[in-house]
Amino acid sequence: MLDYDVIIVGFGPTGAVLATMLGDAGIKTLVLERDTQVYPLPRAVHFDDEVMRIFQSIGVVGEVLKHAQPTTGYEFRNGSGEVLMRFSDGAVMMPSGWHSGYMCHQPSIENAVRKKIGGQASVDVQLGASLVRYEANADHVIAHYDDGGLKQARARFLIGCDGASSPVRTQAGIELDDLNFDEPWLVIDALVSDPSRLPYDMLQICDPKRPTTCIHIGHGRHRWEFMLLPGETAEQVIDDSFIMKLLEPWNCADVVEIERKAVYRFHGLVAKQWRKGRVILAGDAAHQMPPFAGQGMCSGIRDAANLGWKLEAILKGGSPDTLLDSYQPEREPNVRAFIGLAIGMGQVVCILDEAAAAQRDAGMIAMRDAGGEPMQPPPLPPLTVIVDGSEPPVGTRFIQPEAHGKKLDEVLGNGAALIARNAVAVSMPVHALDDALLTPYRDKLCEWLDRYQADAVLVRPDRYVFGIGDAAMLAEAYRRALA
Ligand SMILES: Cc1cc2nc3c(=O)[nH]c(=O)nc-3n(C[C@H](O)[C@H](O)[C@H](O)COP(=O)(O)OP(=O)(O)OC[C@H]3O[C@@H](n4cnc5c(N)ncnc54)[C@H](O)[C@@H]3O)c2cc1C
């Protein structure tokens, strides 16, 4: 039987990003993927700055940027075209060093990540290989899979990145917490020969006659999402003639070609347990949300980033398996905050009752006229487990200044980074502000340390702040946290 450190089931964005991280760390990894190609149906069109920083950490930004562009404005309109709320005039540069949002074509992004994995010696990708079942015991997991014949592989950990219907989650007997949102939508991706004929901003048309989303993806593509009305069936709405009727108001029949179409149920679900011993869930296997906030794939990729460095610490750095106890407590509050936002947006959009819609419109227009803020992403709860301290900035994302076209993380490299005002001898390498490499970033880093009156900051490999204070004490606290 073949032996690995980690078996990843599912090669969607979550599994692919995790595999790349493990590959960069030289961890022997097997990826089992049922399909032989990237999933062909329409899904994510948006990701955020944190995810771009994760793409940066795995060295795929150049490839990703060929298929992604900063977001444009985002407007909610009513059935008569009045603006109910407008989010922004487009992406803004964030402290993380990347734009607040990017529009993308999910299959191209997945292919960009897969391309990197192709060159990683320690990662073995088996396409057309379906997990049939697993056996988990105290010190390993055996995956039984079918790639045309039945095979087995053994590893210390098995990660279920196997999507919404996750066979791993099912076999583990893990239940889902249903957050009571469940709406059927038709999703269409189209190739557009003349994008100037279609809106440039993302639009949520809150029309009770047919709630509709219209998204300029860029690179010659557009996305529409249409809510199914009571009595309509998936078979009925997926028909091309029905779709062309839905597209009539956009007056674009001569410039669009339907590329992909599917009917989805948009819902909010969270697995009650994300880890059962050596078996761990990530991405859609662990949580699902309606796409209104564009955060489902982002959340899976954040799961991968949280797991990646912890698995490396265990498998390469000798940390105990219990480090993984921190995974769900660190990730679940963040995921639930985004699900809350997505469901909140969905509840605004998916109103079919005319009177309720009119009431909603009146309230939102009054709020808009009073200068009220549009619905904002929730304040994200800071991490509270593998950190040293309980007050922000501890547990929040660290800044990434840029100088001369080079971003800070490129200088720090992957792994934890201890940044101190002065060079000191401690139990881990220190990036001192007087080091020539940090000179271009010194002002921004000093400003940050001044704001928190700290001598040093220790940043985790996933770029969350572990702690601030004295360099030697931080290094010791980090050593203890990982031991
Ligand atoms: C209409 C729509 C719009 C969306 N828009 C956005 C957006 O704008 N932004 C955003 O961030 N997210 C968005 N999402 C969500 C996003 O697409 C998903 O969250 C993301 O694809 C989940 O990635 P994953 O890797 O966890 O799972 P998946 O992409 O589902 O991958 C799971 C993989 O596991 C494989 N698998 C399953 N069973 C087995 C088995 N037994 N053996 C081996 N392999 C198996 C599957 O073949 C699949 O390749 C959207 C979703 C939809 C439906």
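Histidine 404 is exposed, with a relative accessible area of 78%, and I start there because anything over 50% counts as exposed. In this predicted model, histidine 404 sits in the loop between E20 and strand E21, which covers residues 406-407, and the residue has a positive phi of about 50° although it is not a glycine. Asparagine 251 gives us a second case, with a phi near 50°, again a positive value in a residue other than glycine. You will find asparagine 251 in the loop between helix H7, residues 240-247, and strand E16, residues 256-271, and with a relative accessible area of 57% this asparagine is exposed.

While we are on the backbone, please look at proline 392 and proline 393, which are joined by a cis peptide bond with an omega of about 15°. Proline 393 belongs to the loop between helix H10, residues 354-369, and strand E20, residues 402-403.

Let me turn to the ligand. Which residues come closest to the ligand? Of the 33 residues that surround the ligand, the closest are Glu33, Arg43, His46, Asp284 and Met297. If we sort the shell by residue type, 15 of its residues are nonpolar, eleven are polar and seven are charged.

For the individual polar atoms, I would point you to three distances. An oxygen atom of the ligand lies 3.3 Å from a polar backbone atom of proline 13, and a polar side-chain atom of aspartate 35 is 3.4 Å from an oxygen atom of the ligand. At methionine 297, a polar backbone atom is 2.8 Å from a nitrogen atom of the ligand. On its own the ligand has 1000 Å² of accessible area, and the protein covers 93% of that. The elements that each give two or more residues to the shell are helix H1 (13-24), strand E2 (29-33), strand E9 (130-136) and helix H8 (296-315), and the largest share, three residues, comes from H8.

Helix H8 comes up again when we move to the salt bridges, of which a search of the whole structure finds 44. How far apart in the chain are glutamate 50 and arginine 302? These two form a salt bridge whose closest N and O atoms are 3.1 Å apart, and the pair links distant parts of the chain, since glutamate 50 is in helix H2, residues 49-57, and arginine 302 is in helix H8, 252 residues away. Glutamate 50 is buried at a relative accessible area of 7%, and arginine 302 is buried at 3%.

A second bridge involving H8 is the one in which the side chains of lysine 310 and glutamate 330 meet, at 2.8 Å from N to O. Lysine 310 lies in helix H8 and glutamate 330 in helix H9, residues 327-349, so this pair ties together parts that are 20 residues apart in sequence. Are these partners buried or exposed? Lysine 310 has a relative accessible area of 0% and is therefore buried, and glutamate 330, at 2% relative accessibility, counts as buried as well.

Within helix H9 there is also a bridge between arginine 336 and glutamate 332, with the closest N and O atoms 2.8 Å apart. Both residues lie in H9, four residues apart, about one turn of the helix. As general background, an α-helix has 3.6 residues a turn, so residues three or four places apart point the same way. Arginine 336 counts as partly exposed at 30% relative accessibility, whereas glutamate 332 is buried at 16%. Going beyond single pairs, salt bridges that share partners join Asp48, Asp49, Glu50, Arg302 and Arg397 into one network, and you will recognise in that list the glutamate 50 and arginine 302 that form a salt bridge with each other.

I will finish with helix H4, residues 106-117. At 1.5 Å a residue, its twelve residues should span 16 Å, and because the end C-alpha atoms are 17 Å apart, the model agrees with that expectation. How many of the twelve residues of H4 are buried? Nine of them are, so that the helix is mostly covered; going by name, the buried residues are Gln106, Pro107, Ser108, Ile109, Glu110, Ala112, Val113, Arg114 and Ile117.

Technical notes:
Residues numbered from 1 in each chain as written. Predicted model: local features only at pLDDT ≥ 70, side-chain atom pairs only at ≥ 80, totals over all residues. Heavy atoms only, no water. Near = heavy atom within 4 Å. Polar contact = N/O pair within 3.5 Å; in protein donor to acceptor, adjacent residues only side chain to side chain. Areas by Shrake-Rupley, 256 points an atom, 1.4 Å probe, with all protein chains shown as cover. Nonpolar A, V, L, I, M, F, W, Y, C, P; charged D, E, K, R; others polar. Salt bridge = Lys/Arg side-chain N within 4 Å of Asp/Glu carboxyl O. Buried < 20%, exposed > 50% of the residue type's maximum accessible area, 1.4 Å probe, protein only. Expected span 1.5 Å × (residues − 1).
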